[in-house]
Amino acid sequence: MSASGPLTRLSEEERLFQAVVAKFARERLAPHVRAMDESGLFRKDLLHEFFELGLMGIEIPEEYGGQGGSFFQTVLAIEELAKVDPSASVIVDVQNTLCNSALLKWGSEDQKRRYLPRLSKDTTGSYALSEAGSGSDAFALATRAFEEGDHFRLTGRKLWITNAAEAGLFLVFANVNPAAGYKGITAFLVEREFAGLEVGKKEDKLGIRASSTCEVILEDCKVPKTNILGTLGQGYKVAIETLNEGRIGIGAQMTGLAQGALDHALGYARERKQFGKPIAEFQGVQFQLAEMATEIEGARLLVYNAARLRDAGLPFVTEGAMCKFFASEMAERVASRAVEIFGGVGFTKDYPVEKLYRDAKIGRIYEGTSNMQRATIAKQLLGR
Ligand SMILES: Cc1cc2nc3c(=O)[nH]c(=O)nc-3n(C[C@H](O)[C@H](O)[C@H](O)COP(=O)(O)OP(=O)(O)OC[C@H]3O[C@@H](n4cnc5c(N)ncnc54)[C@H](O)[C@@H]3O)c2cc1C
């Protein structure tokens, strides 16, 4: 594809990949979405199918067992899955944009050989940065890592960790030298089987209920020095740089969610009759649908542009923050409108839009709240 081509024009490879994910979402995922939302559990067989389809190692080079795809393809996968189930999409999002990409960028050859084939094949990853006392102020994290011979001993409690219930590998951020402030933060690759790591309470959430969000407790957890990702004290860079990319994935999730809500609203508006005709024939309803579609397209362009900038090796931090900020605010508005177009039944669990409305709320909170995105954008505007 030429660098100056339209953002939404897909290459043949991108189009085929998108079609495969869309088919999977429609045929395999959709029938289970409601039950998984109610139970708060993601089906193991579907997770297994993610691996089989190559969705858990999209950017991992083929030599490590991955698909050798692009970041843009990751964004397409997240968007397609989110149209049907935003919970499914965040599982794929965290795996690819936070865990795999951190390993690809910061991992030693030995670490890549040890972990990338597993992450491509059967191992889910988690990204453990947040704690009870450190969310937006992530670098105030209190988890400590004490050096002892050939290993570090990690102690602390991580909160809100996506994929933790299923994960076999955790990217854990801990401070090796609190006196040095954020420059003591270090990233560790911690296997679930390492003694001293325990997955704690699972949150009972408003939305994305099938995606697990748990506490991760580290009590004298011994991690070999060979499992430091990057170098000592560089963890803050690993965290910032992965989240900068991860945000684009959340933008894609919110864009897909909103498209899913619009598609349901379009279908219903054509069917539902009031005053003797389909409600889609009322200009008031048409205008709402037109506004929803326009907002979604705006978000999609921001997301695709940020992703294509990232693949081209160009700066994308501001664009990434903008796409996450805009797409998440937009998704909440669009999903809310979709509920209204369904009228009373939109407010019930018999139709899928109430779930999408609940799922939309998280977009403005995780991977940096809307205020944190505003702060990133403003910093760039003001040259700080
Ligand atoms: C479902 C879910 C999944 C998650 N998954 C993960 C995960 O996988 N890994 C992980 O590490 N974390 C994860 N998180 C944590 C998430 O990233 C944090 O919740 C988020 O960054 C906000 O932090 P907080 O909850 O501590 O809120 P706070 O930081 O306490 O913010 C509270 C409010 O204050 C505002 N605020 C705070 N500081 C400022 C400021 N300086 N200026 C203006 N406004 C401000 C915020 O915008 C927000 O509105 C997850 C959270 C949830 C709910």
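Visitor: How do the residues of the shell around the ligand divide into nonpolar, polar and charged?

Guide: Glad you asked! This is a predicted model, and its shell divides into eight nonpolar, seven polar and two charged residues. In total, 17 residues surround the ligand, and the closest are Tyr127, Ser130, Ser136, Trp160 and Thr369.

Visitor: Which atoms of the ligand should I look at beside tyrosine 127, threonine 369 and asparagine 371?

Guide: A polar contact is a pair of N or O atoms within 3.5 Å. Here, a nitrogen atom of the ligand lies 2.7 Å from a backbone N or O atom of tyrosine 127. The side chain of threonine 369 has an N or O atom 2.7 Å from a ligand oxygen atom. For asparagine 371, a side-chain N or O atom is 2.9 Å from a nitrogen atom of the ligand.

Visitor: How much of the ligand's accessible area does the protein cover?

Guide: On its own the ligand has 970 Å² of accessible area, and the protein covers 63% of that. The space the ligand takes is the largest pocket. Two elements, β3 (151–162) and α11 (370–381), each give two or more residues to the shell, and β3 gives the largest share, three residues.

Visitor: And how many cavities of 30 Å³ or more does the structure hold?

Guide: A pocket is open, while from a cavity the probe cannot get out. This structure holds one cavity of 30 Å³ or more, and the volume of the largest cavity is about 40 Å³. Its lining includes Cys99, Leu103 and Phe170. The largest share of that lining, three residues, comes from β4. By type, the lining has seven nonpolar residues, two polar and no charged.

Key: Residues are numbered from 1 along each chain as its sequence is written. This is a predicted model: local features need pLDDT of at least 70, side-chain atom pairs count only at pLDDT 80 or more; totals for chains, interfaces and linings use all residues. Side-chain values use heavy atoms; hydrogens and water are left out. A residue is near a molecule or strand if one of its heavy atoms lies within 4 Å of it. A polar contact is a pair of N or O atoms within 3.5 Å; within protein, one must be able to donate a hydrogen and the other to accept it, and residues adjacent in sequence count only if both atoms are side-chain atoms. Accessible areas come from the Shrake-Rupley method with a 1.4 Å probe; for residues, only the protein chains shown count as cover. On a 1 Å grid over the protein atoms alone, a cavity is a set of points where a 1.4 Å probe fits but cannot get out, and a pocket is an open set with protein on both sides within 12 Å along at least five of seven lines; lining residues have an atom within 4 Å of a point. A molecule sits in a cavity or pocket if more than half of its atoms lie within 2 Å of its grid points. Helices (H or I, at least four residues) and strands (E, at least two) are DSSP runs, numbered from the N terminus. Ala, Val, Leu, Ile, Met, Phe, Trp, Tyr, Cys and Pro count as nonpolar, Asp, Glu, Lys and Arg as charged, and the others, Gly among them, as polar. Grid points are joined across faces, edges and corners, and a volume is the space filled by probe spheres set on the points.
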